[in-house]
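Me: I'd like a close look at one part of this structure, the charged pairs, with some of the surroundings thrown in. Could you walk me through it in plain words?

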Amino acid sequence: MESAMSNEKSTEPLGKAIASAQSYDAKKMDSDTRDAISSLREEMHEMLQLPSEDLAKVDYIEWKLDWKPVLTSRLYPKKI
Amino acid sequence: MTFDYKEMVKEAIKTSQPATRVRQLGCHDKTPASVSQMTLDTTARVAPLSRCHHSSQASLAQQTYTRTHLKRFIDKWPARDQANKAEDGIALAGKDSFSSAFTAALGMANTTNICGLDDVLIKAAVFEALLEREASCQFASGSNANLRALLNIKESHGRESMTVSGELGPDNELRWTLNLRTTGTTWARLLCMIFNLSRMDALATLANILSMSFDNLSKLSSDRHAVELKGGSRPIEDVPDSLHLPGLPAGSACAELMEIRYIYGNAGQIIGAILRYRLNGNDFCLPATVGRGVLCMGKYKPTAHFLNQHLMDQHPFAPVIFFQDMRTALAFERMLGETQGYDPEEFIITAHLGTDLSVLPWNYFHGHEVVFVPAPTKVCMAMVKLYRDYIMGAWAQDFRIYPGFLLHSKPSCDLKEHVTGVTDAEDELLRGAVRLDTVERPTWLMEQVAKKGFSYDDFVAWGQKLGIFKAPTIATHLGTTTQPHALAPANPALTPERAYNLADVNLYHILRPGSYAVLMGAKGAGKTQVALSASHSIIKGDIMWPLFRGVGINAGNVAYIDAETPHDEYCANLEQHGLTTETGHRFFGLSRFGDDLPEFCNTFSLTDAQFREGLFHYLLEHKCRFVFLDNLTALMGDAVHQGKAAQEVLDWVEKLQQCGLCVVLVHHKFEHEGGIAHSDKARGSQLFIIRARTVIALVSRTEILREAVESEKVRSAAADDGLTVGVRFNASKPAPVLEKRTFWLHLPLGASEWQFLAATGADGTEIPFLPPADEPAESMVSAYDASAASENAGEAEHCELSEEERKVYEYAKSHGEVGTKDAKTQLSYGDTRAREVLQALAEKGLLVHNNKNGRATAYLVNK
């Protein structure tokens, strides 16, 4: 209600707002994206710290990065 | 924070099913909140200070990193944006600023930082202080993993190992150690060291790590700020009370926060603020922005706002007093607050930050009557046109401008007293300026401001009257596309055929209508004297310049544009060369320092298109066939070195040539270090020389004495009083015979006629040259001045004199008498030969003995 009454309500398309909200430089990576990828890398790094006996039990790991940044990690055990 | 993979493995093995974990990212990272619609979503999050739970911090503290981990953050300091120019504003007359005395009288505080913070060095220092503060804050809260990585770098590659460690002290100050040897206290310095970055690039990199941007400090944007309801609660203020600015001179390194003035959104929420800081007694304002419930600087792109814009919406009929300088608006509001408060029904005070008017929300002015109070600089006053366009474009009811200045800070002197060095118009402005701190009734002042407001047209006319804005007459000149009438075709006698013999050369081989000549010389060589004597010679029509006669016809008028000589000296020069009596008839002189100059002379610069246009019309209007531009350095400034500017001036010269004018460019020689002039090269762009038909290089007295000119007569004249000069023709297309020849002349102090000393060829050896006698040739006499011919008829024998006799007789005529010693000096002969020459002249009846003996012996001219 409040936002509807406001004369500051934007009429710009949403896509444009996303593009302009974070970065002035189109060539540079958006900082949200950069931080998300950085987090993903930390996850992989953390997984690789597992002891080898644990790693031997893992079939594969699936990481999924959704927007707005939500990270899903799914670990598939080896079928014995 | 990462998932616990050990736990996940256990779970997966136990259940034989995939183990899944989900989390939202960005919880620990201070990614900038969007200031557009996206903010609506992000505001639903928990408050920023409660967001971080650092249970994992202790275990991660042991983790080590390499530089590779952080390399992606390395960034470059942004290049400077082109400053906004008021090109679309009202055209200014003269320079773009008031006189330095005027600016000094108003004080730096009133005349700088009008749109925010002008000084980019201070702005960068403010940003650096903010970065260091923010970095320590983020590190302390554990919210930035990259800062943690920065202080835990451990690399080992043989000799190139690197270890960084560091911590925050109890005073929240960073202390880092690099390779157990180097220590430091700032984040930027650490980045400089480990990545080998310049200071500015290190700041850009640190900003990148912190998700901050220098542009966010003051570059306003038009992105709308969405409503952040937050239950109406006030944002947390994260704004430093004092900024310790690094890199500034000691004693001037701390900016104190004086005032926070909130900007309210339409729902009554705070959406930003104007921060007024004070550094060394001078105030400047910076924008602060609310993002994620925190009021801060530098983190988010600041939105352009008007002060009290919400009041403008709430009171659509209230008049608006629009201050160009935010600080004046704030000072005025403080005064109102101290007295009786603020009734926005009566009027609303507004102002804005930044120079980019296009990003401001102008629609707030819809329906309001606006009175604009300009800031005290010419550039600001010129921008009134842009403000008018934006405000009236937003359907404001009315736009008026207060014709004067209101000052928020104390000026440096009493403005009611006379300030030396200011023009009359500036004096009037200073006397009319109002210091806000001396006003007892602010509402009365506002009534006066509203009452005295001029309409836009009246304001422009007022500015034109004071010489601030350009008068419209020039604009109409420029608007005309039709060529003004060119001069009537020149008399064919003024464009003589090529001369291959010295005897055939006349004045118009050198100064030829339809072409341009360059007269160059070192400083003090006598350029002005040579040029003025040429003007005199043209006007008289038949006298020598310097050794070549006119053709005895009215060659047209002469214009002399002097941009260097002080006015009294200029007048004395005209007197010396007999030009004063011709002024306004045949001679049209414009001296930069003269009074009553035409309007186009405001800049007096050939680089100014309007000056060129104005002068073009002036020359044609006064039927000037010849124009001397004395000199290019004074008329073009530094632009004389620029090929582009030279080309523009030469294009204009070409236009004059096409109209039948002869243009003489008086110019400086190129001087080496130590002031030694180059014989052929001109100062600045060589285009002027390349395209000239005639190039005359003057050899100055200094050069004569230094270069040991062969002729004894020239050397001795150079050592005497008066002006001795060598006129060397470096190029002479219409009279090739002159090329590489030098004619040595002497002008006694105060005299107007040159004395011929000698002529030398390209190799410096003397060549036989007899200047024509200083009388009109018979053919010219009949055409021009019969009375002059009759006067000279008695001197017919003069033509039959030998060269020596002629020299001595000339000397006697110019001095009234001649002694043996004088004759010796003139001829460079011994006593005997000098006496013989004198006796021969006496026998011919041209000289008579003065009947005195010994040293007093002399011969007088027989009249």
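Reply: What follows starts with the salt bridges and then moves on to a few other spots.

Keep in mind that this is a predicted model. Counting over all chains, it holds 34 salt bridges. One of them is between the side chains of Asp238(B) and Lys299(B), with N and O 3.4 Å apart. This pair ties together distant parts of the chain, since the partners sit 61 residues apart. Asp238(B) is in the loop between β6 (236–237) and β7 (242–244) of chain B, while Lys299(B) is in the loop between β11 (294–296) and α12 (309–314) of chain B. Are these two side chains buried or exposed? Buried counts as under 20% relative accessible area. Asp238(B) has 17%, so it is buried. Lys299(B) has 8%, so it is buried too.

Next up is the pair Arg278(B) and Asp283(B), whose side chains form a salt bridge at 2.6 Å, N to O. Here the partners sit in unlike surroundings: Arg278(B) is partly exposed at 33% relative accessibility, whereas Asp283(B) is buried at 3%. The pair doesn't stand by itself either, as salt bridges with shared partners join Glu259(B), Arg276(B), Arg278(B), Asp283(B) and Arg334(B) into one network.

One more charged pair is worth a look. Arg400(B) and Asp398(B) meet through their side chains in a salt bridge of 3.0 Å, again N to O. Asp398(B) is partly exposed, with a relative accessible area of 27%.

Now for an uncharged side chain. Ser605(B) lies in the loop between β23 (587–591) and α23 (609–621) of chain B, and at 13% relative accessible area it is buried. What does its side chain meet there? A polar atom of the Ser605(B) side chain is 3.4 Å from the backbone oxygen of Leu635(B). If you set aside neighbours within four places in sequence, Ser605(B) is in contact with Phe611(B) and Leu635(B).

The backbone has some things to check as well. Asp630(B) and Asn631(B) are joined by a cis peptide bond, with omega at about -10 degrees. Asn631(B) belongs to the loop between β24 (624–630) and α24 (632–636) of chain B.

Then there are positive phi values. Ser211(B) has phi near 60 degrees, a positive value in a residue other than glycine. You'll find Ser211(B) in the loop between α10 (199–209) and α11 (215–218) of chain B, and it is buried, at 13% relative accessible area. Lys740(B) has a positive phi too, near 70 degrees, and is likewise not a glycine. Lys740(B) is in the loop between β28 (723–732) and β29 (742–747) of chain B. With 41% relative accessibility, Lys740(B) counts as partly exposed.

Another positive phi, about 55 degrees, belongs to Ser828(B), just after helix α32(B). That helix covers residues 820–827 of chain B, and its buried residues are Thr820(B), Ala823(B), Gln826(B) and Leu827(B). Why do they make up one face? Looking down the axis of α32(B), the buried residues fall within an arc of 125 degrees, so they line one face of the helix. The cover over these residues includes α28 (712–719), α31 (803–815), β31 (817–818) and α33 (831–843) of chain B.

Finally, a word on chain A. Its secondary structure amounts to four helices and two strands, which run along the sequence as α-α-α-α-β-β. Chain A has 80 residues, and 35% of them count as buried. Taking its contacts between residues at least 6 apart in sequence, 15% join residues at least 24 apart. The accessible surface of chain A is about 5300 Å², with 58% of that belonging to carbon and sulfur atoms.

That surface carries a nonpolar patch made of Met29(A), Ile37(A) and Leu65(A), which together have about 250 Å² of accessible area. Met29(A) sits in the loop between α2 (14–22) and α3 (31–48) of chain A. Its relative accessible area is 47%, so Met29(A) is partly exposed.

Key
Residues numbered from 1 in each chain as written. Chains lettered and ligands numbered in written order. Heavy atoms only, no water. Buried < 20%, exposed > 50% of the residue type's maximum accessible area, 1.4 Å probe, protein only. Arc of directions from axis to C-beta. Contact = heavy atoms within 4.5 Å. Areas by Shrake-Rupley, 256 points an atom, 1.4 Å probe, with all protein chains shown as cover. Patch = residues over 30% accessible without salt bridge, like charges linked within 9 Å, V, L, I, M, F, W, Y side chains within 5 Å. Salt bridge = Lys/Arg side-chain N within 4 Å of Asp/Glu carboxyl O. Polar contact = N/O pair within 3.5 Å; in protein donor to acceptor, adjacent residues only side chain to side chain.
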